[in-house]
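Visitor: I should like a close look at a single part of this structure, a helix together with the sheet on which it rests. Please begin there, and then follow the strands and side-chain contacts outward from that part.

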Amino acid sequence: MILFMICRILFYAFNTVFFPEISFEHALSLMGGGIKFDIVAVFYVNILFIFLMCVPFTFKYRKGYQRFLDYLFVITNSIALMANCMDFIYYRFTIKRTTWTIVKEFSNQDNMGSLFGGFLVRYWYVAVIWILLVLSLIKITQLLKVKGRTDVPIWAFFLIHAVLMGIIVKLFIGGVRGGFDHSIRPITLSNAGEYVKKPKEMFIVLNTPFCIFKTMRRSDYERVSYFDNYQEANKIFNPVHLPEPNQPAFKPMNVVILIWESFGKEMVGGYNHDLENGTYRGYTPFIDSLMQHSKVNWYSFANGAKSIEAIPSVLTSIPGIKEPFVTMRYTDNKLPSFPQILKAKGYSTSFFHGAPNGSMGFQAFVNLIGIEKYYGKTEYNNDADYDGIWGIWDEEFLQFWADKMGTFREPFMSTLFTVSSHDPYKVPQRYEGKFPKGPLPVYQTMGYTDYALRKFFAKAKTMSWYKNTLFVITADHAATFAHYPEYQTSVGNFSIPILFYAPGDSTVTGRDDTTLVQQIDVMPSVLSYLHYDKPYFAFGKNIFQKPPINFAVNYDGVYQWFNGPYILQFDGQKTVGLYNYQEDKLLKNNLKDKLPAIQGPMELQVKAFAQQYVNRMLEDKLTVTP
C-alpha cells in the first residue's frame, strides 16, 4: 500500500502539467481517496498469495513453501508496480490511465521488442525507480518472516486457521467491492469521480493495476466506419442541436426530475386499458390521474436496463450501449451535462438519493457532471426512516426533497432517484395490506411509491416554486421481470413511463401516439421547452417539435433502433430482425428483408448513430464541434 501511494505521488509529480490549480489540501484529498482503489488493486494482485498464506494446513510453515510465497509476492507485485511506473510516462500520450485495452492496441505490433527497448532507453529513470521499488519488495520479504507454528493440538490448529480464513475471505470480498453495504455495487473507475473537481483528476485517484483489472472483462469500442466522416454521418443523424431561429427569450423555470426505481409501464393502468379484457387497473392510481394533466408520449423507452445507465441517459443524454457508460473508461471525457448547461443560466443544481452515500456510484457521477449538492442518507440524518437495506423510505425522503427545494434559490434543477421498489419489495410496516400485491411482489412497492409521490405533490402544491416548475417523471429501467407477455419482449423490457407535467402551463398536456420518447430525450426536450439559445450536444431529440428522425435506441445484445411503429435489430454488421412492435406486440412476425423501403433507411440511421456514438466516445468528442 505504501509503494502504491508512492507511485501515485510520482505519477502526479511527473504529470503536474496535466493537473493545474490543485491546492495542497485538494491533493491530499485525491491521495486519500486513492487508498480505496489501492486496496482493491493490492487484493487482486495478491489474491493467490493471500489464499496460499491462509490455507488451514501445517505445510505452509515449511521453508520451501515460504520461499515460494516470497517469490510469488515479489513477482506479482513487481508487475503491478511496473504498470504504475509505465503510466508515469505513457499517460502523456493517452491522457488516460492504461486499461486492458492496451493488450488489443498492441496485439498486432511486430516490433514490441524495439518499442519496449526504446522506452527503457529514453526513460531510463523510470526503470531505475521501478528497480528501487522492487528492491523494496525484496527487502520486505527478508524482514518479515513467518515463524514456526505454535505448539497447539492439530485439531485446534485447523479450527483456528479455518475461522481465520473465513474472516479473511469476508474482508477480501469487502475490500475488492469497495465496501460492505448491501446496496454498494462493486467499485469501478467512475467511483473516483467522488473525490475530484475535474474529471481528469480521476487518474490521480486511480492506479493502473485497478484500471486494468476493472476493464479486463469489459468490451471496449472499436472504431466504426460506415460513413467516411462525421459530416456524412451528420446528414442522417446529427447529435448537435442548434437553437431555433427567432425563438422566444429563455424562460427560467425550475426543472424537477424524478427517476423511479424499476418503474415499468406494466404497473400503470393508464397505459394498459386493454389488459385483462379491459379490467386492468394497475398499481399507480396517482400516476394515472397525473397522466390526465401531462404530456404523455404513448411509446416511451429506457435507454438501458440498469440503474447506472439511467443517470447518464437522463442528465447527459448519453445512453448505455453495450456496457453501462459509467463503468467504462470514457467517464473522464468532456461530457454533455444538463446540469452544467442550466448552471450557466443561473440555476442551482442538486441530486437526491436516499441510499447510503456513495451507493450505486451516483454521488461520484453527479459530481463529475457538475451538480452542486448531493443529498443522501447521511444528509437526511435520521436512521429511524431507514428501510434497513437500500435507504430511506420513499415517503419520508420525498417529503425531505420537497422541504429542501423550498429553501433553494430559484431557478433550480433538482433530481431524485427513489429506492423503495427494490428487492425484497417491502413497504413500511404501517402500510402492510394497504397496497395491492398482485402477481409479482414489486407491485406492492409500486403502490407505496405512488402513494409517496401523491403526498409529495400535495406538499409541493403549497409552495411558491410549484407553479413555475416543469416536472419530469420517468424510470431508471423497467422491472427486472414482468408478468404479462407483451412486457417480456425486447420492446417490453425497455418500456417505461416518461411524463412531462407543468402545473402552470396547460399546453404541456395531451397524448401523443406518434412521437417516440426515451430517457436521452429529456435533456434536449426540456432545453427546447425553456427556449435555450445556444448549441449543445445530445444523443437524444427534442420531442416538442416534429423531429427529422422519430427514433429511440437501446442495446439488448444488439442495437435496437425504433422508428415510428417499427423496431430494427442490428448486430453491428447486419439486420437480424425487423418488427412492427405496435401491432405485433409479442414480436412473432420477423419482417427482415420483406420491407426494404422501411429497413433500408432504418439501417442507415442506426449505422449513423453507432458511428457518432462510438467514434466520438473514442476520440473524446462529445461536444458541439467534432
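Guide: In this predicted model, helix 20 lies across strand 13, strand 14 (559-563), strand 15 and strand 16, and runs at about 125° to strand 14. The four strands form an open sheet in the order 13-14-15-16, and their pairing is antiparallel. Strand 13 (551-555) and strand 16 are the edge strands, each of them pairing on one side only. From one strand to the next, the twist averages 15°.

Within this sheet, strand 15 (residues 566-570) is joined to strand 16 by five bridges, and the two run antiparallel. In the register of that pair, Gln569 stands opposite Gly577 in strand 16.

The chain between strand 16 and helix 20 offers a way out of this part. Lys585 forms a salt bridge with Asp274, with the closest N and O atoms 3.1 Å apart. Lys585 lies in the loop between strand 16 (575-580) and helix 20 (596-619), while Asp274 lies in the loop between strand 2 (254-260) and helix 12 (285-291), so this salt bridge ties together parts that are 311 residues apart in sequence. Lys585 has a relative accessibility of 40% and therefore counts as partly exposed.

Asp274 directs attention to strand 2, which borders its loop. Strand 2 is joined to strand 7 by five bridges, and these two strands run parallel. Here Ile259 stands opposite Phe417 in strand 7. Strand 7 also pairs with strand 5 (residues 348-353), through six bridges and again in parallel. In that pairing, Ser348 stands opposite Phe412 in strand 7.

Strand 7 itself is mostly covered, six of its six residues being buried. In a regular strand the side chains alternate between the two faces of the sheet. In strand 7 both faces are covered: Phe412, Ser414 and Leu416 are buried on one side, and Met413, Thr415 and Phe417 are buried on the other.

Beyond strand 7, the chain leads to an aromatic contact. The ring centres of Tyr431 and Tyr448 are 5.9 Å apart and the ring planes stand at 45°, so the pair is classed as tilted. Tyr431 lies in the loop between strand 7 (412-417) and helix 18 (442-460), and Tyr448 lies in helix 18, so the pair ties together parts that are 17 residues apart in sequence. Tyr431 is buried, with a relative accessible area of 9%, and Tyr448, at 0% relative accessibility, also counts as buried. A charged network involves the residue that precedes Tyr431 in number: Arg430 is linked with Glu395, Glu396 and Lys455 in a network of salt bridges.

The search of the whole structure finds 17 salt bridges. One of them joins Asp38 to Arg8, with the closest N and O atoms 2.7 Å apart. Asp38 lies in helix 2 (residues 24-45) and Arg8 in helix 1 (residues 2-14), so this pair ties together parts that are 30 residues apart in sequence. Both Asp38 and Arg8 are buried, whereas Lys585, in the salt bridge described above, is partly exposed.

Another salt bridge is formed by the side chains of Asp513 and Arg511, at 2.6 Å from N to O. Asp513 is partly exposed, with a relative accessible area of 38%. Arg511 has a second contact, as its charged end sits over the ring of Trp298, 3.5 Å from the ring centre. A similar arrangement involves Arg97, whose charged end sits over the ring of Phe11, 3.9 Å from the centre of that ring.

For the aromatic rings, the count comes to 75 aromatic pairs. Phe37 and Tyr195 form an edge-to-face pair, 6.5 Å from centre to centre and with 80° between the planes. This pair links distant parts of the chain, with Phe37 in helix 2 and Tyr195 in the loop between helix 8 (154-177) and helix 9 (202-205), 158 residues apart. Phe37 is buried, its relative accessible area being 0%.

To return to the part requested, helix 20 lies across the four strands of the antiparallel sheet, and the loop between strand 16 and helix 20 holds Lys585, the partner of Asp274.

Technical notes: Residues numbered from 1 in each chain as written. Predicted model: local features only at pLDDT ≥ 70, side-chain atom pairs only at ≥ 80, totals over all residues. Heavy atoms only, no water. Salt bridge = Lys/Arg side-chain N within 4 Å of Asp/Glu carboxyl O. Buried < 20%, exposed > 50% of the residue type's maximum accessible area, 1.4 Å probe, protein only. Phe/Tyr/Trp six-rings, centres within 6.5 Å; stacked < 30°, edge-to-face > 60°. Lys NZ or Arg CZ within 6 Å of the ring centre and 35° of its normal. Pairing = 2+ DSSP bridges. Axes fitted to C-alpha atoms, helices over the stretch in contact; angles between N-to-C directions. Contact = heavy atoms within 4.5 Å.
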